[in-house]
Amino acid sequence: MAAKTHRTAAPPAVLSTRALNRATLDRQLLLRRSPMSAKDAVTHLVGLQAQNTKPPYFQLYARLADFDPEELSALMESREAVRTVSLRSTLHTHTADDALTLVPLVRAPRDRELRSFRRGLEGVDLDRLAAVTEEFVEERPRPLGELREELLTHWPDADPLALSSAARCLLPLVQVTPRGLWGRSGQVALTTVEYWLGRSAEPASALTLDATVRRYLGAFGPASVMDFQSWAGLTRTKEVFERLRPGLLTFRDERGVELFDLPDAPRPDPDTPAPPRFLPEFDNVLLGHADRTRAIPEANKGRNGKGKQTYGSMLVDGFLDALWRVDREGGTAILTVQALRKTTRAERTEITEEAARMLTVMTDATDHDVRFGTFLDFDD
């Protein structure tokens, strides 16, 4: 009788750093500009980093064909998109639908932040704090200073910063317009997301964690469990990936870390050309993973700013290899590019051409000047 043979599964394919870079750039709409609308792009990207007001506009300019900043601004003004605290307990621009369904799912980061203020909240009933805040900001959107003053009338011995921070952690609040509109400004004024949008989240339609993982992989994959957790600000999600494993592909990176991916997601040839892209100081592609080497070379880790000052980040051949900033002299916009490695003549030509296009759309300057130089000294 012949001996039985046992087939062993082939080991997962290894994806190089460059292969991961090109796959992520493709899904982030950074290999070629997409014809999709601003609203569809914000949905696809599962929101945009929005610690400051301008980065969401620059993120979309880098990704969309024929992007007009007024398109996103109109979504904000019509309340089809909002600025709210969500992933990693940081400000993001989300569609109205995601603001109602995604934000409650990532409550854990806000709960952790809330615990950091516990010393300033002694004697404060958090349920009552949430109720007082909700009633106050739903009378009309309130500036942060007004909210603090109101809360201090109820808890005069509490720390003012802890009170307002706790209110933000306990309730899904939005920063209302005109703050965040293109070419306009306004102080931070807050109200609840449900009041601002005029509708409540339907529990049955809320995003499940499974669906969020799939959306994340569609915009940031292939990715590890730790990558997802770093992006969402969550922990202990391995069981979700195990539950989804039968419907996913698995790979390994060059360090042996297991990566998950959607079967039909694009994974371009690692040698696919990647055009230069001017990104804002905060961008999804730079912050969406625990291991950021797929976008940021080890040599450039932490070099997109100094101290509390962060500058624009530039992808050259798909990786963060330059910084940029814009200064104004009268009607002239002067864009300075500081390369973090030696660039070729062809790369400098591409960078200059992309800079001219960007300045035409994203500034109101009548003249443009693109320079290569140094504005940040890392040796100080």
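Which residues are buried in helix 9? In this predicted model, the buried residues of helix 9 are Ala162, Leu163, Ser164, Ser165, Ala166, Ala167, Cys169 and Leu170. Helix 9, which spans residues 160-170, is thus mostly covered, with 8 of its 11 residues buried. The elements that cover these buried residues include helix 6 (107-115), helix 7 (126-139), helix 8 (144-154) and strand 6 (173-175). At the N-terminal end of helix 9, Asp159 acts as a cap, a side-chain oxygen of this residue lying 3.3 Å from the backbone nitrogen of Leu161.

One residue of helix 7 illustrates the surroundings of helix 9. Ala130 lies in helix 7 and has a relative accessible area of 16%, which is under the 20% limit, so Ala130 counts as buried. Leaving aside residues up to four places away in sequence, Ala130 touches Leu170 and Leu171, and Leu170 is itself among the buried residues of helix 9. Ala130 and Leu91, which are separated by 39 residues in sequence, lie 20 Å apart in space when taken from C-alpha to C-alpha.

Strand 3 (residues 81-85) is largely enclosed by the rest of the structure, because 5 of its 5 residues are buried. Ala81, Arg83 and Val85 point one way from strand 3, whereas Val82 and Thr84 point the other way, and all of these residues are buried. Strand 3 runs antiparallel to strand 4 (residues 91-95), to which it is joined by 5 bridges, and within this pairing Thr84 stands opposite His92 of strand 4. The hairpin formed by strand 3 and strand 4 has 5 residues between the strands, and in this hairpin Arg88 takes a positive phi near 60°. Strand 3 also pairs with strand 6, again in the antiparallel sense, over 2 bridges. In strand 6, Val174 is the bridge partner of Thr84, and strand 6 is also one of the elements covering the buried residues of helix 9.

A separate set of 3 strands forms an open sheet in the order 1-8-9, in which the pairing is mixed. Strand 1 (14-15) and strand 9 (258-261) stand at the edges of this sheet with a single partner strand each, so that one side of each is left without a neighbour in the sheet. The pairing of strand 1 with strand 8 (residues 249-253) is in the parallel sense and extends over 2 bridges, with Arg252 in strand 8 as the bridge partner of Val14.

Thr237 lies in the loop between helix 12 (225-232) and helix 13 (238-244). With a relative accessible area of 1%, Thr237 is nevertheless buried. Its contacts, not counting residues up to four places away in sequence, are with Leu209, Val225, Phe228 and Gln229.

The internal space of the model was examined next. The structure holds 2 cavities of 30 Å³ or more, of which the largest has a volume of about 40 Å³. The lining of the largest cavity is made up of Leu45, Val46, Gly47, Gln49, Leu87, Arg88, His92, Phe220, Trp231, Asn284, Leu287 and Gly288, and by class this lining has 6 nonpolar, 5 polar and 1 charged residues. Two of the lining residues recur from the strand pairing described above, His92 being the residue opposite Thr84 and Arg88 the residue with a positive phi in the hairpin. The second largest cavity, with a volume of about 30 Å³, is lined by Thr84, Val85, Arg110, Arg168, Leu171, Pro172 and Leu173. By class, the lining of this second cavity has 4 nonpolar, 1 polar and 2 charged residues. Within the lining, Thr84 and Val85 point in opposite ways from strand 3, while Leu171 is one of the residues touched by Ala130.

The largest pocket has a volume of about 420 Å³. The pocket is lined by 18 residues, among which Lys54, Phe58, Trp324, Val326 and Thr363 lie nearest its centre. Helix 3 (55-63), strand 14 (319-329) and helix 15 (345-362) each contribute at least two residues to this lining, and strand 14 gives the most, with 5 residues. By class, the lining of the largest pocket comprises 10 nonpolar, 2 polar and 6 charged residues.

How values were computed
Residues are numbered from 1 along each chain as its sequence is written. This is a predicted model: local features need pLDDT of at least 70, side-chain atom pairs count only at pLDDT 80 or more; totals for chains, interfaces and linings use all residues. Side-chain values use heavy atoms; hydrogens and water are left out. Buried means under 20% relative accessible area, exposed over 50%, partly exposed in between (1.4 Å probe, protein chains only). Helices (H or I, at least four residues) and strands (E, at least two) are DSSP runs, numbered from the N terminus. Contact means heavy atoms within 4.5 Å. A polar contact is a pair of N or O atoms within 3.5 Å; within protein, one must be able to donate a hydrogen and the other to accept it, and residues adjacent in sequence count only if both atoms are side-chain atoms. Two strands pair if DSSP finds at least two bridges between them. On a 1 Å grid over the protein atoms alone, a cavity is a set of points where a 1.4 Å probe fits but cannot get out, and a pocket is an open set with protein on both sides within 12 Å along at least five of seven lines; lining residues have an atom within 4 Å of a point. Grid points are joined across faces, edges and corners, and a volume is the space filled by probe spheres set on the points. Ala, Val, Leu, Ile, Met, Phe, Trp, Tyr, Cys and Pro count as nonpolar, Asp, Glu, Lys and Arg as charged, and the others, Gly among them, as polar.
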